[in-house]
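Subject: Handing over the model

Hi,

Here is the structure I promised to pass on to you. Have a look at it first, then read my notes below.

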Amino acid sequence: QSGAVAAQTIRVYDLANPPDGTLQLLHHCQSQIFTRVPHWKPVRMIDAQSRGDNRLLTLTPDRSQLIVSGGRSTLQFWEPVTLETLGDVRIFGMPAASDIAFSPTDSTAVVAGWGECELVETKTWKRLRHFEHCMT
């Protein structure tokens, strides 16, 4: 070597918006560099855990209502901001629902819990079909 200094590249990243892959690289090499992202405080929290095991808490596909499995074989519908109860429907013999899956058109849904499933029409929540021994 003739004593020449090799050129070095220094990269500066915006820690709030790093390039793709950078966070994964930092994580894999166990770096102590963390992103700088604002922390948000929730306006309201729902303690779903205290509602019991195997319960359901989800938004309707149009995000206009919360669906909550309220014991006693019911689905409750809440307004998402105020948590006002908008109504409830009976879910036919299940002690509590644990899962729900909507059809692509949102016109039907499968409500599951305790090894049973109900196919329901979502405008009236009337049962269309019952399935026993279904796995979710």
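Let's start with a term you'll need: two strands pair if DSSP finds at least two bridges between them. Strands themselves are DSSP runs of E with at least two residues, helices are runs of H or I with at least four residues, and both are numbered from the N terminus. With that in hand, β5 and β6 pair in the antiparallel sense over four bridges.

Now some housekeeping. This is a predicted model, so local features need pLDDT of at least 70 and side-chain atom pairs count only at pLDDT 80 or more, while totals for chains, interfaces and linings use all residues. Residues are numbered from 1 along each chain as its sequence is written, and side-chain values use heavy atoms, with hydrogens and water left out.

**The overall layout**

The protein chain has one helix and eight strands. Reading from the N terminus, the order is α-β-β-β-β-β-β-β-β. Of its 136 residues, 26% are buried; buried means under 20% relative accessible area, exposed means over 50%, and partly exposed is in between (1.4 Å probe, protein chains only).

**Two sheets**

Before the details, a bit of background: strands of a sheet pair through backbone hydrogen bonds, either parallel or antiparallel.

One open sheet has four strands in the order β1-β2-β3-β4, with antiparallel pairing. Its edges are β1 (57-59) and β4 (85-90); each has a single partner strand, so one side of each is left without a neighbour in the sheet. β1 pairs with β2 (residues 66-70) over three bridges, in the antiparallel sense, and Leu57 stands opposite Val68 in β2.

The other open sheet also has four strands, this time in the order β5-β6-β7-β8, and its pairing is antiparallel too. Here β5 (99-102) and β8 are at the edges with a single partner strand each, so one side of each has no neighbour in the sheet. Within the β5 and β6 pair, the bridge partner of Ile100 in β6 is Val111.

**The core**

Which residues touch the most other members of the largest nonpolar core? They are Ile67, Leu75, Ile100, Val111 and Trp125, out of 13 residues in that core. (A nonpolar core is a set of buried Ala, Val, Leu, Ile, Met, Phe, Trp, Tyr and Cys residues joined through side-chain atoms within 4.5 Å.) The elements giving two or more residues to this core are β3 (74-78) and β6 (108-113).

Ile100 is worth clicking on. Leaving aside residues up to four places away in sequence, Ile100 touches Leu56, Thr58, Ile67, Ala109, Val110, Val111 and Trp125. A contact here means heavy atoms within 4.5 Å.

**The disulfide**

A search of the whole structure turns up one disulfide, which is defined as a pair of cysteine sulfur atoms within 2.5 Å. That disulfide joins Cys117 to Cys134, with 1.9 Å from S to S. Cys117 lies in β7 (residues 116-121) and Cys134 in the segment after β8 (126-132), so the pair ties together parts that are 17 residues apart in sequence. The link of Cys117 and Cys134 is right-handed, with 95° about the S-S bond. Both Cys117 and Cys134 are buried.

**One loop residue**

Is Thr122, in the loop between β7 and β8, buried or exposed? Thr122 is buried, because its relative accessible area is 15%. Not counting residues up to four places away in sequence, Thr122 touches Phe102, Asp106, Ser107, Thr108 and Ala109.

Cheers
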